[in-house]
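Visitor: I would like to learn how to read pockets, helix packing and sheets from a set of coordinates. Could we work through one example together?

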Amino acid sequence: MNSLRDILADLQSPRAVPALSYGLVIGVLLVVIEISLASMVFSGPLASLAARGAGLTLFGTVVMSLACAVFSSFPGLVCQPQDAPAAVLAGAAASVAVALAAAAPGVRFATVVAIMGMACLCMAALFFVVGRFRLANLVRFLPYPVVGGFLAGSGILLGLGGLGVMTGVGANFGALGAYFSWPVARFWLPGAAFAVLVFAALRLRPHFLLLPGALGLGLLVFHGVLLVTGTSLEAARAGGWLLGDLPAGGLWPVVGCEDLALVRWDVVLAHVPDALTAALLALVGLLLNVGGIELGARRDLDIERELFTTGGGGVLMALGGGFPGYPALSLSLLGPRTGVASRLIPLGAAVVCAGVLMAGGTVLALFPRPLLGGLVLLLGLLFVSDWLVDGWKRLTRLDYAIVVIIALAIVHSGFLTGVGLGLGLAVLLFVVRMSRVPVVAWERGGAEIASVRHRPVTDRALLRARGGDLRAFGLRGFLFFGSANLLGERIGALLREGRPPRFLIVDMAGLDGYDISAVNTIQRTAQRAQAAGAMLLLAAPPRGLFTLLDSNATPEAMAHVRPFPGLDAALEWAEDRLLAEEHAALGAEGPARRDALFDLAVDDVARHLEDMERFEALAESLGPALERRELASGEELFRQGEDPRGAYMVLHGTLAVMATYAQSAPQRIRSLGPGTLAAPMAALRAYVAPGTAVAEGRTVVGWLPREALARLEEADPKTALAFHKLVARALGRRAEGR
């Protein structure tokens, strides 16, 4: 109903005249195209049936044009039986002519029509399935340069096709020499001049009345010249200036119920593969053309709706004749590119085709070839200008090169070859570009990163001194053969150094996914780690990655690989091994080693003692405001998501803050020893704890509620200020990751 209201509104708008004129001109073009397609299908032994075949193609055009006018999501969309499915059915028709050479012409015709109807039904079924499961949105993933190359190639072919319409000479580069001889040039020069002038006018000052006005003026000038020179219509037609080979009488009805009795169904069933091939080509053509129309018209179409609309038209065509078709790229963009998008365009085209189907094409024979060919050439110029001229400014050089390559491939080898080549180039370019995007988000040595586990001052000093023995990498994005190779090369370079790291930690928590090539790269990295005597620690590996690695790598290499639930667990495991080595060396080497450790950690120990002295003095001065609590091992102090309602001073023992995210196991996000604060922000304001605080062994804490701190600020501002400084230091250390 909305579409019918749109049609009525368009009839009352100022754009009604140009829209109907576009529809009439497009209808004339469709008549010429469909008669040519009928001649292609019904050729050779079936040539005597070409007139009836033309009736089938025109009927299909009427059905599809009316369906688009009423149901399409894009006003002005023009559908027609297309050449790609027609080429497949032409081969099937030739096969039928051979198989039924001894049969009557009516039998051969009815059998070919049945194959065409079967192809339409296959197309409709395929379109309905793709539309129902929303598979058509895959066309959205076509790279921009590929669609641009498709449009540029279409523009070149349209230009050649326009020359062919004007001259009747084959439109290919091999025949270009003939176009410069006067007998041929006199036909295309007027049409080319018309196309160039209208193109220039549209670029300088576009207006929706410009093209229909130019077409009307062209008709008047042409017939005025005929009148002045005294040339009759018959002479002009004989001289090649007017359309010829149009049916003089009506072509409807083409088939009847009596034709069903003549169909050789055994031959029809033998050509089911041809029908399926034609349907598949129609689907590919529809997706490509819809993508091109969206880009050319600069608006989105409802692809599912177009599939259902075209599929419904296919069912009607199967009942009355015709062969598969889909939206026409160039004809659908004629209106939008000149400022007119109206449902009257396909409606006008349907009226013209229906008129020829019912009454013949005598009136259309008044239409000059140079004007029709000039219109097609104009469409080609618009496409070429957009993508091969303006594209130089709008695209990167690589993307522009892809557009040019696709366009040339389409002209030389056809649309499928050109688009396939373009997709291959776009994928190759994507892989090269993605390979240059670093998958390593960060890289840190052992002196720059540490686990959250609380360790004595001397142990922290030892770990900093052994920082070169640990290297950690954080990954992000998708790990595939290109990006994984960058990681492998970096780790390989580290392992080739004079003193390679003992532990290589790869944090995979930021990965979106991986491919099997990435697994292969990690396998080779594990082999390098084995050769260098290093350990490869995989933190938060994606699901299935470690299993695949275990299935592909040797047991010797896997002995140097360990998975961990997170980065902190991997860091803690590596730190424990480094510290175990250092403590063993202290026991073996005696006083000299301990003296070296003292020299290494003396400054840190002095600072720690000063901090502890201030901490203990503050805890003492807080007095009764600080509520002391003793926790047994494993006892919870506060839970994740709760408000502790105050800060906790760790006086003895250790607290572990464990956080649970989604369905994962609890992870330790912080470890707090004596002299530290738990939930410092809770002393200042309402606070949601990010994790659950659990005692690791016997632990003593002092709790300072917010209310007690507020009272302390009034009663003892000096002590309250000291506590605020402690909170600030604690928050500063957390911001620095300490």
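Guide: What follows is a walk through a pocket, two helix pairs and a sheet, all taken from a predicted model.

Visitor: Let us begin with the pocket; what volume does the second largest pocket have, and which residues are closest to its centre?

Guide: For a pocket, one reads the volume and then the lining. Here the second largest pocket has a volume of about 1500 Å³, and of the 45 residues that line it, those closest to the centre are I33, Q80, Q82, D83 and L158.

Visitor: Which helices supply at least two residues of that lining, and which one gives the largest share?

Guide: Helix 2 (16-41), helix 4 (83-99), helix 6 (144-167), helix 12 (272-297), helix 14 (329-337), helix 16 (369-389), helix 18 (397-413) and helix 19 (415-436) each supply at least two lining residues, and the largest share, nine residues, comes from helix 6. By class, the lining of this second largest pocket divides into 29 nonpolar, 13 polar and three charged residues.

Visitor: Helix 2 and helix 4 both appear in that list; how do their axes cross?

Guide: For a helix pair, one reads the distance between the axes together with the angle. The axes of helix 2 and helix 4 come within 8 Å and cross at roughly 30°, and because angles under 35 degrees count as roughly parallel, helix 2 is roughly parallel to helix 4. The contact is made by L37, M40 and V41 on the side of helix 2, and by D83, A86, A87, L89, A90 and A93 on the side of helix 4; these residues divide into eight nonpolar, no polar and one charged.

Visitor: At what angle do helix 21 and helix 22 pack, and what classes of residue are in their contact?

Guide: Helix 21 (residues 481-495) and helix 22 (residues 516-532) pack at about 5°, with their axes 8 Å apart, and they are therefore roughly parallel to each other. Among the residues that meet are F481, I491 and L495 in helix 21 and R524, R528 and A532 in helix 22. The contact of helix 21 with helix 22 has seven nonpolar, six polar and three charged residues.

Visitor: Turning to the sheet, what is the order of its strands, and which are the edge strands?

Guide: For a sheet, one reads the order, the pairing and then whatever packs on it. This open sheet of five strands has the order 3-4-5-6-7 with mixed pairing, and its edge strands, which pair on one side only, are strand 3 (440-445) and strand 7 (561-564). Neighbouring strands are turned by 20° against each other on average, direction ignored.

Visitor: In which sense do strand 3 and strand 4 pair, and which helix lies across them?

Guide: Strand 3 and strand 4 (residues 470-479) pair in the antiparallel sense over five bridges, with V440 opposite L475 in strand 4. Helix 21 lies across strand 3, strand 4 and strand 5 (503-514), running at about 170° to strand 4.

How values were computed. Residues numbered from 1 in each chain as written. Predicted model: local features only at pLDDT ≥ 70, side-chain atom pairs only at ≥ 80, totals over all residues. Heavy atoms only, no water. 1 Å grid on protein atoms, 1.4 Å probe; cavity = no way out; pocket = protein on both sides within 12 Å on 5 of 7 lines; lining within 4 Å. Points joined across faces, edges and corners; volume = space filled by probe spheres on them. Helix = DSSP H or I, 4+ residues; strand = E, 2+ residues; numbered from the N terminus. Nonpolar A, V, L, I, M, F, W, Y, C, P; charged D, E, K, R; others polar. Axes fitted to C-alpha atoms, helices over the stretch in contact; angles between N-to-C directions. Parallel < 35°, antiparallel > 145°, perpendicular 65-115°, else oblique. Contact = heavy atoms within 4.5 Å. Pairing = 2+ DSSP bridges.
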